[in-house]
Amino acid sequence: MFSAGNSQHERISRSKVMTAERVFTILSGLFLLCAAALLWWNNLTAAFVTATLGIVAWFLSFRAQVRTRVAAESPIERDEDIED
């Protein structure tokens, strides 16, 4: 017997979030590699902008991970934390 947390809907929505995490992580890596190449070629302005985009992509990946963890908590646990 499965618990209420093992529904098909949760597995589908979780896989979409995991895909978003992976996409943002890959983008951040690509941006940072491009920034390193631009820095090597002494194009400092473009390197700064590209590195900034990489950092933003990393923060979006981190945000997707946090949203997944918060959604995984049951409402009962959240209510108990609020009352304490």
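## The loop between the helices

Asparagine 42 sits in the loop that lies between helix α1, residues 8-40, and helix α2. In this predicted model, the residue has a positive phi of about 65 degrees, although asparagine 42 is not a glycine. Most residues other than glycine have a negative phi. The relative accessibility of asparagine 42 is 60%, and the residue therefore counts as exposed, since the cut-off for that class is over 50%.

## Helix α2 and its buried residues

Helix α2 covers residues 44-72. Its 29 residues, at 1.5 Å a residue, should span 42 Å, and the C-alpha atoms at its ends are indeed 42 Å apart, so the expected and modelled values agree.

Several residues of α2 are buried, namely Ala47, Thr50, Gly54, Ala57, Ser61, Ala64 and Thr68. Threonine 50 can serve as an example from this set: its relative accessible area is 13%, which places it among the buried residues because that class requires a value under 20%. When neighbours within four places in sequence are left aside, threonine 50 is in contact with Phe31, Cys34, Ala35 and Leu38.

## Serine 28 in helix α1

Serine 28 belongs to helix α1. With a relative accessible area of 6%, serine 28 is buried, because this value falls under the 20% limit. A polar atom of its side chain lies 2.7 Å from the backbone oxygen of threonine 25.

Not counting residues up to four places away in sequence, serine 28 touches Gly54, Ala57 and Trp58. Gly54 and Ala57 are themselves among the buried residues of α2, whereas Trp58 is a member of the nonpolar surface patch described next.

## A nonpolar patch on the surface

Leu32, Ile55, Trp58, Phe59, Phe62, Val66 and Val70 form a nonpolar patch on the surface, and together these residues have about 640 Å² of accessible area. Helix α2 gives the most to this patch, contributing six residues.

Valine 66, one of the residues of the patch, is placed in helix α2. Its relative accessible area is 33%, and valine 66 is therefore classed as partly exposed, a term that applies to values between the buried limit of under 20% and the exposed limit of over 50%. Helix α2 thus includes buried residues, such as Ala64 and Thr68, as well as the partly exposed valine 66.

Methods:
Residues numbered from 1 in each chain as written. Predicted model: local features only at pLDDT ≥ 70, side-chain atom pairs only at ≥ 80, totals over all residues. Heavy atoms only, no water. Helix = DSSP H or I, 4+ residues; strand = E, 2+ residues; numbered from the N terminus. Buried < 20%, exposed > 50% of the residue type's maximum accessible area, 1.4 Å probe, protein only. Contact = heavy atoms within 4.5 Å. Expected span 1.5 Å × (residues − 1). Polar contact = N/O pair within 3.5 Å; in protein donor to acceptor, adjacent residues only side chain to side chain. Patch = residues over 30% accessible without salt bridge, like charges linked within 9 Å, V, L, I, M, F, W, Y side chains within 5 Å. Areas by Shrake-Rupley, 256 points an atom, 1.4 Å probe, with all protein chains shown as cover. Salt bridge = Lys/Arg side-chain N within 4 Å of Asp/Glu carboxyl O.
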